[in-house]
Amino acid sequence: MDTTQFKPSLVAILRGLQENEAEAAGAALFGAGFRLLEVPLNRPGALASIALLARMAPAGAIVGGGTMLSVADVDAVHAAGGRMLLAPNCNAQVIARAAALGMLCAPGVATPSEAFEALAAGAHALKIFPAEVVGYAGLKAFKTVLPAGTPLWPVGGVTPDTMADWVAAGATGFGIGGALYSPGTTPEILSSRAQAFVDAWNTTQKT
């Protein structure tokens, strides 16, 4: 899979999204320019929300599942129309299954050993998690040893104000959760927050 098509590489993490809120949330995010949407599986209603978002996604957008911990999770998300795997951990079997199904794979890693294991299993991008623990210095160290061009997406504690520092350290994208969406966030607030992240990302790409 050619990961260069995923620009901007901003993943909206919609933890706790309910099916009755999914259409409005998707419209707000797609309208702001997000093209990667993740609904974590560790909340009720995730698969239904993934299915709805996948049906309404514009051309070039990908919807997937987060907190995908098993091969069964991969199969369930794929059956719902999801085409992206995100996880907090590195499980080679899970990554390989998702890659075999043609899904965009971004497993979670926090060490170089996990990073290389993930890439060997078929990962297309690496979710640097928890980003607050790895830090800017840790991300720079990752970049020095990983294959050139490996997409690195910090997740955890990212804000529009910190994106430039992360990009300077080697980030090529981000997963954005609580600073963007939490249950009860209105479409208007979500749209405003999403636009702030997209604007900040675009600014980093001009420098």
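**Exercise 1. Work out how H1 sits against H2, starting from the residues that touch.**

Solution. Start with the contact list: on the H1 side you have Glu19, Ala22, Glu23, Gly26, Ala27 and Phe30, and these meet Ala48, Ser49, Leu52, Leu53 and Met56 in H2. Keep in mind that this is a predicted model.

Next, sort those residues by class: seven are nonpolar, two are polar and two are charged.

Now the geometry. H2 covers residues 46-56, and its axis is 9 Å from that of H1, at an angle of about 40°. Roughly parallel would need an angle under 35 degrees, so H1 and H2 come out as oblique to each other. The handedness finishes the job: H1 passes H2 in a right-handed crossing.

**Exercise 2. Do the same for H1 and H8: what is their relative orientation, and which residues make the contact?**

Solution. First, the axes. H1 (residues 19-32) and H8 (residues 187-204) have axes that come within 8 Å and cross at roughly 25°. That angle is under the 35 degrees cut-off, so H1 and H8 are roughly parallel to each other.

Second, the hand of this crossing, which is right-handed.

Third, the residues. H1 brings Ala24, Ala25, Ala28, Leu29 and Ala32, while H8 brings Pro187, Leu190, Ser191, Ala194, Gln195 and Val198. Sorted by class, the contact holds nine nonpolar residues, two polar ones and no charged ones.

**Exercise 3. Zoom in on Ala194: is this residue buried or exposed, and what does it touch?**

Solution. Place it first: Ala194 belongs to helix H8. Then check accessibility. The relative accessible area of Ala194 is 0%, so this residue is buried.

For the neighbours, skip anything within four places in sequence; what's left in contact with Ala194 is Leu29, Ala32, Phe34 and Leu180. Two of the H1 names from the previous exercise, Leu29 and Ala32, turn up here again.

For a sense of distance, take Val134: it is 60 residues from Ala194 along the chain, and their C-alpha atoms are separated by 25 Å.

**Exercise 4. Describe the surroundings of Val63, then move along to Thr67.**

Solution. Val63 is part of strand S3, residues 62-66. Its relative accessibility is 3%, so it counts as buried.

Leave out residues up to four places away in sequence, and Val63 touches Phe30, Leu37, Ile50, Leu53, Ala54, Ala57, Gly81, Gly82, Arg83 and Met84. Phe30 and Leu53 are also part of the contact between H1 and H2. One pair to check by distance is Val63 and Leu36: 27 residues apart in sequence, with 5.9 Å from C-alpha to C-alpha.

Now for Thr67, in the loop between S3 and helix H3 (71-79). Look at the backbone: phi is near 50°, a positive value in a residue other than glycine. Thr67 has 15% relative accessibility, so it counts as buried too.

**Exercise 5. How do H3 and H4 pack, and what classes of residue are in their contact?**

Solution. Begin with the axes: those of H3 and H4 (residues 92-100) come within 8 Å and cross at roughly 25°. So H3 and H4 are roughly parallel to each other, and their crossing is right-handed.

Then list who's involved: Val71, Val74 and Asp75 from H3, with Gln93, Val94, Arg97 and Ala98 from H4. The classes are four nonpolar, one polar and two charged.

**Exercise 6. Lay out the sheet that contains S7, and find what lies across it.**

Solution. A reminder to begin with: strands of a sheet pair through backbone hydrogen bonds, either parallel or antiparallel. Here the sheet is open, with three strands in the order S6-S7-S8 and parallel pairing. Its edges are S6 (108-109) and S8 (152-154), each pairing on one side only.

Take one pairing in detail. S7 (residues 126-128) and S8 are joined in the parallel sense over three bridges, and Leu126 has Leu152 in S8 as its bridge partner.

Follow the chain out of S7 and you reach Pro130, in the loop between S7 and H6. The peptide bond from Phe129 to Pro130 is cis, with omega near -5°.

Last step: H6 (residues 131-145) lies across S6, S7 and S8, and runs at about 160° to S8.

Definitions and conventions: Residues are numbered from 1 along each chain as its sequence is written. This is a predicted model: local features need pLDDT of at least 70, side-chain atom pairs count only at pLDDT 80 or more; totals for chains, interfaces and linings use all residues. Side-chain values use heavy atoms; hydrogens and water are left out. Two strands pair if DSSP finds at least two bridges between them. Helices (H or I, at least four residues) and strands (E, at least two) are DSSP runs, numbered from the N terminus. Contact means heavy atoms within 4.5 Å. Axes are lines fitted to C-alpha atoms, for helices over the stretch in contact, and angles run from 0 to 180 degrees between N-to-C directions. Angles under 35 degrees count as roughly parallel, over 145 as roughly antiparallel, 65 to 115 as roughly perpendicular and the rest as oblique. A crossing is left-handed if the near helix is turned anticlockwise from the far one by less than a right angle, and right-handed if clockwise. Ala, Val, Leu, Ile, Met, Phe, Trp, Tyr, Cys and Pro count as nonpolar, Asp, Glu, Lys and Arg as charged, and the others, Gly among them, as polar. Buried means under 20% relative accessible area, exposed over 50%, partly exposed in between (1.4 Å probe, protein chains only).
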